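Subject: Structure handover

Hello,

Please find the structure below, with notes on what turned up in it. The notes go from single residues outward to the whole chain.

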Amino acid sequence: RKDQRDAVHDSTAYPYIIVSIGTGVSFIKVSGPGSTNFTRVTGSTIGGGTYWGLCKLLTGAETYQDALDMAEVGDSGKVDMSVADIYGNNPGALKKLNLP
């Protein structure tokens, strides 16, 4: 279903990024008004459906709200990789990356 949206008429708004999340995800750069002033920057075939499926399988969430509630109280440090996970606690490597 397509919805009519208000057009952006303020020239200071450009450029901007639109993110469309559905069965996939697309990042679109809008450079100016008109139907030819946009470029798809990147995207992924992994979207909301994949996220929801993984949530159900990995956490036992029964509703999407359950998954959101768990995310609010979860600790991303237990699942996200950090620079130290990749390079170890090596001050020389961290200095090369301009990190503390």
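Lys29 sits in strand E2. In this predicted model, Lys29 has a relative accessibility of 35% and therefore counts as partly exposed, the class that lies between under 20% for buried and over 50% for exposed. Its C-alpha atom is 9.5 Å from that of Thr42, and the two residues are 13 apart in sequence.

Ile28 also belongs to strand E2. With a relative accessible area of 23%, Ile28 is partly exposed as well. Ile28 and Val41 are likewise 13 residues apart along the chain, and their C-alpha atoms are separated by 5.5 Å.

As for the sheet, strand E2 covers residues 25-30 and pairs with E3 in the antiparallel sense, over six bridges. Within that pairing, Val25 stands opposite Ser44 of E3. E2 also pairs with E1, again antiparallel and over six bridges; here Ser20 faces Ser26 of E2. The link from E1 to E2 is a hairpin of three residues.

Taken together, the three strands form an open sheet in the order E1-E2-E3, with antiparallel pairing. E1 (16-21) and E3 (38-44) are the edge strands: each has a single partner strand, so one side of each is left without a neighbour in the sheet. On average, neighbouring strands of this sheet are turned by 20° against each other, with direction ignored.

Which residues form the nonpolar patch on the surface? They are Ile17, Val19, Ile21, Phe27 and Val41, with a combined accessible area of about 460 Å². E1 supplies the largest share of the patch, three residues. In a regular strand, side chains alternate between the two faces of the sheet. Val19 is located in strand E1. Its relative accessible area is 42%, so Val19 is partly exposed, and it clears the cut-off of over 30% that patch residues need.

Two backbone details may be worth a look. Most residues other than glycine have a negative phi, and most peptide bonds are trans. The bond between Tyr14 and Pro15 is a cis peptide bond, with omega about -10°; Pro15 lies in the segment before E1. The other detail is Gly60, which follows H1 and has a positive phi, near 80°.

Helix H1 itself takes in residues 48-59. Its length can be checked by simple arithmetic: at 1.5 Å a residue, the 12 residues should span 16 Å, and the end C-alpha atoms are 16 Å apart, so the two values agree. The expected span uses one less than the number of residues.

For the chain as a whole, there are four helices and three strands. Read from the N terminus, the elements run β-β-β-α-α-α-α. Of the 100 residues in the protein chain, 10% are buried. Lys29, Ile28 and Val19 are not among the buried residues, because their relative accessible areas are 35%, 23% and 42%, and buried means under 20%.

Regards

Key: Residues are numbered from 1 along each chain as its sequence is written. This is a predicted model: local features need pLDDT of at least 70, side-chain atom pairs count only at pLDDT 80 or more; totals for chains, interfaces and linings use all residues. Side-chain values use heavy atoms; hydrogens and water are left out. Two strands pair if DSSP finds at least two bridges between them. Helices (H or I, at least four residues) and strands (E, at least two) are DSSP runs, numbered from the N terminus. Axes are lines fitted to C-alpha atoms, for helices over the stretch in contact, and angles run from 0 to 180 degrees between N-to-C directions. Patches are made of residues with over 30% relative accessible area and no salt bridge: like charges are joined within 9 Å, nonpolar side chains (Val, Leu, Ile, Met, Phe, Trp, Tyr) within 5 Å. Accessible areas come from the Shrake-Rupley method with a 1.4 Å probe; for residues, only the protein chains shown count as cover. A salt bridge is a side-chain nitrogen of Lys or Arg within 4 Å of a carboxyl oxygen of Asp or Glu. Buried means under 20% relative accessible area, exposed over 50%, partly exposed in between (1.4 Å probe, protein chains only).
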